[in-house]
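Please walk me through this structure at an unhurried pace, beginning with its internal cavities and then turning to its helices.

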Amino acid sequence: MTSPESSPALSKGRSLTRTVSSKTIFSNVMTGLVVTCAILALIPLVALLYYVITKGIVRISPQLFTQLPPPPFPRDHPQFNSGGFGNAVVGTFMTVGIASLISIPFGILASIYLSEFARDTKLANAINFLTNVLSGVPSIVMGVFAYGLIVVKTRSYSAVAAGVAIAVLMLPTIVRTSTEALESVPNNLRQASVGLGASSYQTVLRVILPAAIPAIITGIILAIARAAGETAPVLFTALFNNFWNWDPWRPTATLAVLVYNYAITPFANWQELAWAAALVLVTMVLVANILARWIVRRR
Amino acid sequence: MTTNLQTSTKTNTDVVFRTENVNIYYGDFKAVRDVNIEVPRHAITAFIGPSGCGKSTVLRCFNRLNDLIKSFHLDGKILYHGQDLYASDIDAVEVRRQIGMVFQQPNPFPKTIYDNIAFGPRLLGYKGDMDELVENSLRGAAMWDDVKDKLKALGTDLSGGQQQRLCIARAIAVQPEVLLMDEPCAALDPISTLKIEDLMQELKEKYTLVIVTHNMQQASRASDFTAFFNVQANEKGQRTGYIEEHDRTEVIFQSPKQKATQEYVSGRFG
Amino acid sequence: MAPAVERNTGMSYERTQTSRVVDNGFKWLTWLFGVGIGVTLLAIALQVAIDAWPAIQKFGIFDFITVARWNPVEDIYGAWTQIYGTLITSFIALLIAVPIGVGVAIILSEDFLPERLRQPLVFMVELLAAIPSVVYGLWGMFVLAPLLQGPMTWLHQNFGWIPLFSTPPTGRGIYIASLVLAIMILPIISSISRDSLASVNPALRQAAYGLGATRWETLIQVIIPTAISGIIGGVMLALGRAMGETMAVTMLIGNSPRPSPSLFAQGSTISALLANQFAEASGLQVAALMYAALILFVLTLIVNVLAEYIVKKVEIKKL
């Protein structure tokens, strides 16, 4: 065997002791850099939460949820602190409710097909792929879609149109989390049920779905929290409404659009309401995330 | 085999590793106790014993690879040419550069064969002729003729046995003094295993080898010295490994002093 | 088989029949909704394309993309300003978010931090992704913009000769929209990069350490190259998200109809255009907006399909 002796010795005779070399410096610099990255990533979150809470909390009171938006007032006006956005809270529930009514059954049934009847087939792979593509479609395009599909045809902005746009937006999240949840149900449960003579729908509805339900609910909670904060698809589907509205076929106020509409105005009392609405939305997101973590951990 | 033994007895005075009362812990759990062993130069020392006896743990202490495990610590001394490897001023990275390691599962990088070999020398800032070093290392691992035409192929595309030889070539490219092998043939078929054993005989001309093996025939065929590790459970059911017997391989396999060794090598337990 | 009637109820046979129908019906129902996902995607594309048709006919493809004129009064439309704005804001956002996001991913996948610090960090990065876009816009307008005004003015005064800084900064513009976009896409990059870094076979790390590589040598030469396609996939997904992001950008970019090389200049993006004009548009303008939406749809579709393809390839490799 030809020995590598001709080449200069690499490691022999080197000291084993620790020395401050350019390599140690490099390592320390790099470690410092990634720690800086983590800090840089957290600064916006902390700053954002801080401002939303301190600026939003000023206006938090029961009247916020029961009264209609006030007209614009200057800061020294006696009624500066009056009014609320009760109609937008109702509208948010209405649009997200309609969206949930459409997307939850749609999503769960589709995920049952994907995980129980077609797992690993070409069709299922294609649908999974399309689901991921759908989740990448910008939310504003969903709004454009619902505008063309419903607003144009019914000749009116409406909570239904917004609900459809948001439903399409929620759909991929629900399909993905539910499929994952169903697929993680152990196979022996399936076999046990089938072995007892249960038909496939009985197996799915009585055995598989109940076993997967906590994880499915987690996904739905996160999807709803996210949907409530979505503005772009609602902007020109539900439009806005300064008054109470209970009719799903008419224009409706939502919290998210209220934040946008009031933020871009020059009126201080409206801007304050925008911050308060932002606080409500962020609180919902926070609660949903913590709740979801709690459900996952409890299992 | 006898010639091998003679050469190794000749260089017996030259001790690479000496351990003094080494105890190894994972957290509160004592994994191995009272390791006192000498590893002679230019010879193959085999660690054998039942599973959980800590033979791999001890091997990994020789190049401080256990440092990666958070709860790990040890007391006693592991002396490498008289220098304590676990002294506070020792740089673990520096240790690993001089004491190479081959793992149970072949683990080539998903890079070309050439880049796999060149990885270590590049770390050490090697300025010489890299092509030559790669060729010599591959020759050293007896695989030059197999791969000389496909140095740009991915190391991960080789067969299992060839991957393992690539890992050996990669380890010797930095010309370490010692090569630690942790069950290097466990994942290989019998023919590849024999080829690696054959290679080990060549390697010991230049390097000191310590191998962990489950395969007693391998230990008896390939090694010059054998340490038999045994394991003992305490009242809490914690299993602590220790060295039952350490001697020249022929002694361990033909006339061991301990009954447990006798039973193990004749296959009556473990 | 003996007739089930023998068992004196006569029900067993009948129930099997219904059960079979229900069973099949159920399967078909789930199939319908499964396929419905694809149909939905197709419906979105068709609906937008059909509604855009008058504008496509009138302005063609090349003119619409390359002309920077959006004039509802004369009904002449070209979306170059918005397309340019979409691309440039997304590009700058990536420039900022990729290094930081990958850095965060490294922190989260290595053991620099003890586990009890790492878990909250993961949670907080996830939270960053969950905060509504409109809230980012609000915060950007009232907190970030005043904060940046000073330093950016300084940049303009001292480096104004560089085209990038050639216009005086106002509270709105490409720079601040890009910055907020960067914050918003950071979690996507860091979480996908973290997953792909964590999925690198630990044996490779051992091998590198065994050869005497330091932690950083191992990361840079072995771990990151092995995980690189997953990281690129994550970056592509983030790019798709950045291009379609609407509210924060609409509130911060200034909605100017002219493209400018300066980062401080106001600009526009396709999504901002839609958000601003859709509610009050009529006639050909709606068609032109639909056309712009179609372009945005196609752009994000390409990016997402590529990302999907890259990420898929990584997953298959892992098996």
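In this predicted model, a search of the whole structure finds two cavities of 30 Å³ or more. The largest cavity holds about 50 Å³ of space, and the residues that line it are Leu169(A), Met170(A), Thr173(A), Ala223(A), Arg226(A) and Ala227(A). Two elements of chain A, helix H6 (159-183) and helix H8 (200-229), are the ones that give two or more residues to this lining. Sorted by class, the lining of the largest cavity has four nonpolar residues, one polar residue and one charged residue.

The second largest cavity has a volume of about 40 Å³. Its lining is made up of Thr92(A), Thr95(A), Val96(A), Ile166(A), Ala227(A), Ala228(A), Glu230(A), Val234(A), Thr254(A), Leu255(A) and Ala256(A). Ala227(A) therefore deserves a second look, being named in the lining of the largest cavity and in that of the second largest as well. In chain A, helix H3 (86-117), H8 and helix H10 (255-263) each supply at least two residues of the lining of the second largest cavity, and H3(A) gives the most, with three residues. By class, this lining divides into seven nonpolar, three polar and one charged residues.

H10(A), one of the helices that supply residues to the second largest cavity, can also be considered for how far its own residues are covered. Eight of the nine residues of H10(A) are buried, so this helix is largely enclosed by the rest of the structure. The buried residues in H10(A) are Leu255(A), Ala256(A), Val257(A), Leu258(A), Val259(A), Tyr260(A), Tyr262(A) and Ala263(A); of these, Leu255(A) and Ala256(A) are also named in the lining of the second largest cavity.

From chain A we can pass to chain B, and to a pair of its helices. Two packed helices are described by the angle between their axes and the distance between the axes. In chain B, helix H4 (residues 113-123) and helix H7 (residues 160-172) pack at an angle of about 35°, with their axes 7 Å apart, and the crossing of H4(B) and H7(B) is right-handed. On the side of H4(B), the contact is made by Ile113(B), Asn116(B) and Ile117(B), while H7(B) contributes Leu166(B), Ala169(B) and Arg170(B). By class, the contact of H4(B) with H7(B) has four nonpolar residues, one polar residue and one charged residue.

Methods
Residues numbered from 1 in each chain as written. Chains lettered and ligands numbered in written order. Predicted model: local features only at pLDDT ≥ 70, side-chain atom pairs only at ≥ 80, totals over all residues. Heavy atoms only, no water. Axes fitted to C-alpha atoms, helices over the stretch in contact; angles between N-to-C directions. Helix = DSSP H or I, 4+ residues; strand = E, 2+ residues; numbered from the N terminus. Left-handed = near helix turned anticlockwise from the far one by under 90°. Contact = heavy atoms within 4.5 Å. Nonpolar A, V, L, I, M, F, W, Y, C, P; charged D, E, K, R; others polar. 1 Å grid on protein atoms, 1.4 Å probe; cavity = no way out; pocket = protein on both sides within 12 Å on 5 of 7 lines; lining within 4 Å. Points joined across faces, edges and corners; volume = space filled by probe spheres on them. Buried < 20%, exposed > 50% of the residue type's maximum accessible area, 1.4 Å probe, protein only.
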